Amino acid sequence: MLAKTFGSAVHGVNAYLITIEVHADKGTLVNMVGLPDTSVKEAQQRIRAAFTNSGMKNPIRNYTINMAPADIRKEGTAYDLPLALGLLAATEQIPSEALSKYIIMGELSLDGSIRPIKGVLPMAIQAKRDGFEGIIVPIENAPECAVVDGLKIYGSPCILDVVNFFKGEGKLEEFPFEKEKFQSLQTQHFALDFTDVKGQENIKRAFEIAASGGHNLILIGPPGAGKTMLAKRLPSILPPLSLDEALETTKIHSVAGRLKKHDALIVNRPFRSPHHTISDVALVGGGSYPQPGEISLAHNGVLFLDELPEFKRTVLEVMRQPLEDRNVTISRSKFSVEYPASFMLVASMNPCPCGYFNHPEKECTCGSGVVQRYLSKVSGPLLDRIDLHVEVTPVPFARLHEQRAGERSVGIRERVTRARELQSQRFNESKTNYNAQMNTQELKLHCALDEASSELLKLAMNKLQLSARAYERILKVARTIADLAASEKIQSEHISEAIQYRSLDRENWGG
């Protein structure tokens with residue numbers, strides 16, 4: 001008898017329908033075709049033990065199992081459950097008609113329990129697109145799927161419960177969609193708040209601009225000036241994730257197996273801070289079985305690189321393409337996968353090895369040319385892709401000691417959200433979401449300058465010898481500054497402030 005079950009394969013952060021056909025005949029030979037890897041073929045042993053330990057009949061038959069489409073490699077242990085149900089349906093132990101309504105995935109233990117798997121959210125999203133009635137997954141994964149509306153989500157702890165469900169002799173726990181739960185989970189109070197920052201008003205202004213336009217930012221200053229402390233407070237002023245952004249972000253973390261047990265949906269923007277010893281693959285993604293890297297895990301959020309010059313040069317250079325294209329492609333001889341990587345890059349660095357170059361009080365002890373060699377660890381093309389270069393100076397003791405609190409993050413966040421709403425209206429008919437993503441055509445359309453602003457920008461370009469990419473960055477930042485001021489047009493004061501955020505382009509740096 002022929003039976004069909006349906007599973008799902010994850011490629012990148014998207015899922016594809018896999019049809020599992022099982023043909024039962026006389027004999028004891030098992031043939032599995034359709035490009036299954038070793039872990040899929042080993043399912044035979046796990047299924048046999050699960051049947052026996054669950055008290056089910058373990059039929060001895062000649063099986064031919066085809067996993068279609070045959071040109072997509074099937075990897076991992078998540079196909080155990082659909083394969084097992086296909087074998088039962090082919091031997092008429094469960095009715096095969098109901099199997100066509102569901103995507104079924106799960107890894108079997110030898111005792112018949114079902115282990116959690118990675119990547120169930122993209123599977124659930126694809127199941128809905130393909131018109132399936134529901135999806136059956138391990139009970140630990142079910143809350144993750146329940147963020148998909150219009151799809152029945154069932155979770156099961158063991159194969160026996162699934163078998164009884166299809167026989168009509170039992171029920172599976174259903175996990176309903178709750179949109180209100182997403183809104184209630186969004187954190188409005190953060191442990192770290194800008195109200196704790198004494199002084200540094202110009203730095204907080206730069207962070208507000210960066211958050212409003214999604215701009216990349218680098219902080220340059222001596223040790224102890226507060227660079228890391230400021231960066232860690234950035235998430236508290238970012239606008240909340242939309243439901244679509246939350247789903248997209250959660251998909252990446254689901255595929256990477258990074259979702260915590262009780263986090264069905266990521267509701268706050270990610271903040272990733274890898275150590276400077278990180279490898280190229282860990283940062284951008286890849287490996288024998290490609291996985292998302294830190295830049296993709298930071299999608300729709302922040303990637304913070306502390307002590308930027310301490311990162312390996314090769315690690316920093318592989319970021320250049322993702323920073324420009326906002327996605328990363330991992331290519332192998334037989335396939336390639338693409339991961340989204342639209343993140344805000346926030347970096348910090350000392351101005352020199354001793355940390356006191358350009359310090360207002362302490363003297364730099366670095367020899368001639370040492371500062372330039374230190375700064376050259378971060379290439380010009382990478383710095384060009386960072387919109388705001390901000391100098392951080394130490395806060396005087398009197399300012400640190402004062403009791404007056406600074407502005408709370410919630411007030412800054414409200415201004416940032418209003419600026420993002422203006423950008424959302426501006427780009428409502430394009431794929432651009434905020435100012436930092438504008439392409440050349442959008443720059444011409446939305447960043448037109450009057451004569452005074454043009455002359456000011458021309459003077460800065462000639463004096464600082466800025467690149468064409470730096471020119472575009474200044475325009476984008478100026479557009480964001482204008483949005484914060486609720487100005488329809490970019491004024492000369494907006495251009496002037498944007499030019500100030502190109503510190504590393506100045507001649508006195510590293511001279």
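**Cores.** I looked first for the largest nonpolar core of this predicted model, and I found that it holds 67 residues, with Ile65, Tyr79, Leu83, Leu85, Ile136 and Phe166 having the most contacts inside it. For this entry I took a nonpolar core as a set of buried Ala, Val, Leu, Ile, Met, Phe, Trp, Tyr and Cys residues joined through side-chain atoms within 4.5 Å, and I took buried as under 20% relative accessible area, exposed as over 50% and partly exposed as in between, with a 1.4 Å probe and protein chains only. Helix α3 (residues 80-90) gives the most to this core, with eight residues; helices here are DSSP runs of H or I with at least four residues, strands are runs of E with at least two, and both are numbered from the N terminus. A second, separate core has 46 residues, Phe304, Val390, Ile474 and Ile495 among them. I noted beside this that, in soluble globular proteins, nonpolar side chains tend to be buried together.

**Conventions.** I number residues from 1 along each chain as its sequence is written, and side-chain values use heavy atoms, with hydrogens and water left out. The model being predicted, local features need pLDDT of at least 70 and side-chain atom pairs count only at pLDDT 80 or more, while totals for chains, interfaces and linings use all residues.

**Isoleucine 136 and methionine 105.** I then asked which residues isoleucine 136 is in contact with, leaving aside its neighbours within four places in sequence. I listed Tyr102, Ile103, Ile104, Met105, Tyr154, Val162, Phe165, Phe166 and Leu172, where contact means heavy atoms within 4.5 Å. From that list I followed methionine 105, which is placed in the loop between β5 (102-104) and β6 (107-108). Methionine 105 counts as buried because its relative accessible area is 1%. Not counting residues up to four places away in sequence, methionine 105 touches Gly7, Ser8, Ala78, Tyr79, Leu81, Pro82, Ile117, Met123, Ile136, Val137 and Pro138. I also checked methionine 105 against leucine 445, and the two are 340 residues apart in sequence and 49 Å apart in space, C-alpha to C-alpha.

**Helix α3 and the loop before it.** How many residues of α3 are buried? I counted 11 of its 11 residues, so that the helix is mostly covered, and the buried residues include Asp80 as well as Leu81, Pro82 and Leu83. After α3 comes glutamate 92, whose phi is positive, near 60 degrees. In the loop between β4 (62-68) and α3 I found proline 69, and the peptide bond from alanine 68 to proline 69 is cis, with omega near 0 degrees.

**Helix α18 and serine 212.** Helix α18 (residues 409-426) has 18 residues and reaches 26 Å from its first C-alpha to its last, close to the expected 26 Å, which is 1.5 Å times one less than its number of residues. The buried residues of α18 are Ser409, Gly411, Ile412, Arg413, Val416, Ala419, Arg420 and Gln423, and they pack against α8 (201-213) and α21 (468-484). I looked at this packing from the side of serine 212, which is found in α8 and counts as buried because its relative accessibility is 0%. Serine 212 touches Val416, Ala419, Arg420, Gln423, Thr480 and Leu484, again not counting residues up to four places away in sequence.

**Positive phi in loops.** Glutamine 200, in the loop between α7 (179-185) and α8, has a positive phi of about 55 degrees although it is not a glycine. Is glutamine 200 buried or exposed? I entered glutamine 200 as buried, because its relative accessibility is 9%. Arginine 326, in the loop between α14 (320-325) and β16 (327-331), likewise is not a glycine and has a positive phi, of about 60 degrees; arginine 326 counts as buried because its relative accessibility is 15%.

**An exposed residue.** Glutamate 488 lies in the loop between α21 and α22 (492-500) and counts as exposed because its relative accessibility is 73%.

**Whole chain.** I closed with totals: the secondary structure of the protein chain comes to 22 helices and 19 strands, the C-alpha trace spans about 85 × 45 × 45 Å along its principal axes, and buried residues make up 53% of the 511 residues.
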